[in-house]
Amino acid sequence: MIRTKDMVKLFRTEEVETTALNSVNIEIKEGEFVSIMGPSGCGKSTLLNILGLLDNPTTGQYFLLGEEVSKYSERQRSNLRKNNIGFVFQSFNLIDELTIHENVELPLLYQSVPGSQRKERVEEALERFNLMPRQNHFPQQLSGGQQQRVAVARAVITKPKLILADEPTGNLDSAHGEEVMNTMVQLNEEGTTIVMVTHSPTYAEYGSRTIHLFDGSVVTDVKGKPMI
């Protein structure tokens, strides 16, 4: 599903050039649950942004679903992204002015799904994540754990092949964090490929494989429990 070849990402200012990713070579197969670990500033979120077609590498290649996408235009990236990728962020990224129902419905609007189908699919997702009683509430009326469940429901509403999660438990207590991780495992067992950035060795263990980054390079890539 995912393959990178000698992928480099540089950030330049007039005075400084920073290497965020340094010749990264990874391969992630369909149906895997991969955790990405490493210290702050090692390139984890940069890698996730490129895998999610939110950014392009400076050099190197990125293959997604068999297509070489590193030089795609923003329109091409957007079309591929909205039909294949769901995102879950640490900060939830819900729209405060929209109800829970409307937040979850939003990706379907971008796909021009008819209204009757949208309603049915949103209600199915809200039922699955035990959010139906909250569907007319606004994000600020929910707990952190509930808001993250809304974010996960929004990520999966389009039935994406790939979910990218950037510290999805970072703003949650342990009970709510475990709840979100169990949801991720369930989605993976249903066939969704998941790539998750985390600082937590405990949560990394929910995946079947751990990639460890340091200074923009892959230093370990192992199945099973992460190396600490």
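**Exercise 1. Which residue in strand 6 stands opposite Phe63?**

Solution. The model is predicted.
- Step 1: find the pairing. Strand 5 and strand 6 (residues 67–68) run antiparallel and are joined by 2 bridges.
- Step 2: read off the partner. Phe63 faces Glu68 in strand 6.
- Step 3: check the turn. The hairpin of strand 5 and strand 6 has 2 residues between the strands. Leu65 in this hairpin takes a positive phi near 55 degrees.

**Exercise 2. Find how strand 1 pairs with strand 5, and name the residue opposite Thr4.**

Solution.
- Step 1: locate the strands. Strand 1 covers residues 2–12, and strand 5 covers residues 59–64.
- Step 2: get the sense and the count. The two run antiparallel, with 5 bridges between them.
- Step 3: name the pair. Tyr62 in strand 5 stands opposite Thr4.

**Exercise 3. Decide whether strand 9 is enclosed or open, and treat each face in turn.**

Solution.
- Step 1: fix the cut-off. A residue is buried if its relative accessible area is under 20%.
- Step 2: recall the geometry. Side chains in a regular strand alternate between the two faces of the sheet.
- Step 3: take one side. Thr193, Val195 and Val197 are buried there.
- Step 4: take the other side. Ile194 and Met196 are buried too, and both faces are thus covered.
- Step 5: conclude. In strand 9 (residues 193–197), 5 of the 5 residues are buried, so the strand is largely enclosed by the rest of the structure.

**Exercise 4. Identify the bridge partners of Val197 in strand 4 and strand 8.**

Solution.
- Step 1: take strand 4 (residues 33–37). It pairs with strand 9 in the parallel sense over 4 bridges. Ile36 has Val197 as its bridge partner.
- Step 2: take strand 8 (residues 162–166). It also runs parallel to strand 9, joined by 5 bridges. Asp166 has Val197 as its bridge partner.
- Step 3: combine. Val197 is a bridge partner of Ile36 and of Asp166.

**Exercise 5. Judge how compact the protein chain is, then describe its contacts, surface and charges.**

Solution.
- Step 1: count the elements. The chain has 7 helices and 11 strands.
- Step 2: apply the globule rule. The radius of gyration is 18 Å, close to the 17 Å that the rule gives for 228 residues, so the chain is as compact as a globular protein of that length.
- Step 3: add the box. The C-alpha atoms fill roughly 50 × 40 × 35 Å along the principal axes.
- Step 4: check burial. Of the 228 residues, 51% count as buried.
- Step 5: check contact range. Among contacts between residues at least 6 apart in sequence, 68% join residues at least 24 apart.
- Step 6: split the surface. The accessible surface is about 11000 Å², and 46% of it belongs to carbon and sulfur atoms.
- Step 7: place the charges. There are 23 positive and 29 negative side chains, and the centres of the two sets lie 5 Å apart.

Definitions and conventions: Residues are numbered from 1 along each chain as its sequence is written. This is a predicted model: local features need pLDDT of at least 70, side-chain atom pairs count only at pLDDT 80 or more; totals for chains, interfaces and linings use all residues. Side-chain values use heavy atoms; hydrogens and water are left out. Two strands pair if DSSP finds at least two bridges between them. The radius of gyration is taken over C-alpha atoms; the globule rule is 2.2 Å times the number of residues to the power 0.38. Buried means under 20% relative accessible area, exposed over 50%, partly exposed in between (1.4 Å probe, protein chains only). Contact means heavy atoms within 4.5 Å. Accessible areas come from the Shrake-Rupley method with a 1.4 Å probe; for residues, only the protein chains shown count as cover. Lys and Arg count as positive and Asp and Glu as negative; His and the chain ends are not counted. The place of a charge is taken as NZ of Lys, CZ of Arg, CG of Asp or CD of Glu.
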